[in-house]
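Me: I've just opened a new structure and don't know where to look first. Could you walk me through it?
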Amino acid sequence: MPKVQINGIDLFYDIKGTGEPLLLIAGFLCDHAYWSLIMPSLVSHYQVIRLDNRGMGRSSAPENPYSLKLMAHDVAVLLDRIAIDKVHLVGHSMGGQIAQELVLAHPEKVQSLMLLSSLAKGDRLFNSIIETWGDLCKNVDLKLYQKVVLPWIFTDTFYSIPGMIEGLIEFAIRYPFPPAAHSLNYHSRAMLEFDTTDRLQQIHCPTLVLVGKQDILTPLKFSQQLAQGITNAELLVLNGGGHGFLIESPDAVVSAMLNFLGKLKSVYNISL
C-alpha cells in the first residue's frame, strides 16, 4: 500500500478502479477502511482514491496540533503528487469539513462535492460532545471509548441486531492501526475551531448534501444549513440510518451517490 511524504508526514493512500477520479475522505475516529462496504459499487464505475488523514490509520501521527485546513492541504498535495488534476470529492462528517476546506482553497481541483453527515459549524451540543470525545480518549481504554461513542453513531434499530455492536467494538479493538489518543484530541479541537458559515457561498461546484433522518450527532439542521449556503447544492435525506449510515445503510448511501454522479454525467453529455 503506497505512502507519500507530504507536509512533513507520511500519508497513506489507496487507489482502486478506473474512470473519473472519486476521492473519499473519512471522518473522526475513522480511516480509509470506513468506506469498505460501498467500495465494490464505486470501483466498478470510478477510480476511487482513499486516504488516511494525518493522525489516523497508516498515516503519521505527529504530536503537534492539526487544523482541518492543514489536513485539506495534505489532500491537495496528494493529488498533485499522484498527478490527478480534478476529482469528485466526498467527505463524511469531519471528512466533509476537510472537503469544504479543500474546495474553498482549490476549487479548480473539485468537479463535484458530496457532503455526508457533515456541517459548517457545530452548535453547543455538538461541540460539547466532540470536546468530550477529545478529552475522553486520554483517560479510558479503546473498548470503553467505543461504548461511549457508538450510541451517537447508530440507531436503536441497528443496536437491536444481535451481536452487531459487539462485533464492531471487537473489530475496533483488534484493528492493527488504532488511533493515537493525541491524534483524536487534535482532531476534536480542529473540529471545534471549524466554521465555514460565511464562506459557503464561495462553493460553486455541483454539491450533494446527504444526511440520515435519524442522525443525532449531525442532525438535519446542519445539512440544511449547508444546502442553503452552497449555491449549487441539493439536499437529500435518507429515511434509514443515523450518523453511521455508511455502515448501517450502505446500499442507500451508494445509490444516492451514484445517482447524483449519474445526473452530472447526463447534464454534461447534453451540454456537449
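Reply: Sure! Keep in mind that this is a predicted model. Let's begin with contacts along the chain: among those between residues at least 6 apart in sequence, 78% join residues at least 24 apart.

Me: What helices and strands does the protein chain have, and how many of each?

Reply: The protein chain comes to eleven helices and eight strands. Its radius of gyration is 17 Å, close to the 19 Å that the globule rule gives for 272 residues, so the chain is as compact as a globular protein of that length. If you like box sizes, the C-alpha trace spans about 55 × 40 × 35 Å along its principal axes.

Me: How much of the protein chain is buried?

Reply: Of the 272 residues, 52% are buried. As for the outside, the chain exposes about 11,800 Å², and carbon and sulfur atoms supply 54% of that.

Me: How do I read the sheet? In what order do its strands come?

Reply: The general idea goes like this: strands of a sheet pair through backbone hydrogen bonds, either parallel or antiparallel. Here you have an open sheet of eight strands in the order E1-E2-E4-E3-E5-E6-E7-E8, and the pairing is mixed. Strand E1 (3-6) and strand E8 (233-238) are the edges, each pairing on one side only. From one strand to the next, the twist averages 25°.

Me: Can we zoom in on one pair? How many bridges join E5 to E6?

Reply: Six bridges join strand E5 (residues 87-92) to E6, and the two run parallel. To find your place, look for valine 87, which stands opposite valine 110 in E6. Then there's helix H3 (residues 94-105), lying across strand E3 (21-25), E5 and E6 and running at about 145° to E5.

Me: Now a single residue. Is serine 117 buried or exposed?

Reply: A residue counts as buried when its relative accessible area is under 20%. Serine 117 has 0%, so it is buried. You'll find serine 117 in the loop between strand E6 (110-116) and helix H4 (124-136). Leaving aside residues up to four places away in sequence, serine 117 touches His92, Ser93, Leu210, Asp215, Thr218, His243 and Phe245.

Me: And where is serine 188?

Reply: Serine 188 sits in helix H8 (residues 181-193). With 0% relative accessibility, serine 188 counts as buried too. Its side chain makes a polar contact of 2.9 Å with the side chain of arginine 189. Not counting residues up to four places away in sequence, serine 188 touches Phe28, Ile130 and Gly134.

Terms used. Residues are numbered from 1 along each chain as its sequence is written. This is a predicted model: local features need pLDDT of at least 70, side-chain atom pairs count only at pLDDT 80 or more; totals for chains, interfaces and linings use all residues. Side-chain values use heavy atoms; hydrogens and water are left out. Helices (H or I, at least four residues) and strands (E, at least two) are DSSP runs, numbered from the N terminus. Buried means under 20% relative accessible area, exposed over 50%, partly exposed in between (1.4 Å probe, protein chains only). Contact means heavy atoms within 4.5 Å. A polar contact is a pair of N or O atoms within 3.5 Å; within protein, one must be able to donate a hydrogen and the other to accept it, and residues adjacent in sequence count only if both atoms are side-chain atoms. Two strands pair if DSSP finds at least two bridges between them. Axes are lines fitted to C-alpha atoms, for helices over the stretch in contact, and angles run from 0 to 180 degrees between N-to-C directions. The radius of gyration is taken over C-alpha atoms; the globule rule is 2.2 Å times the number of residues to the power 0.38. Accessible areas come from the Shrake-Rupley method with a 1.4 Å probe; for residues, only the protein chains shown count as cover.
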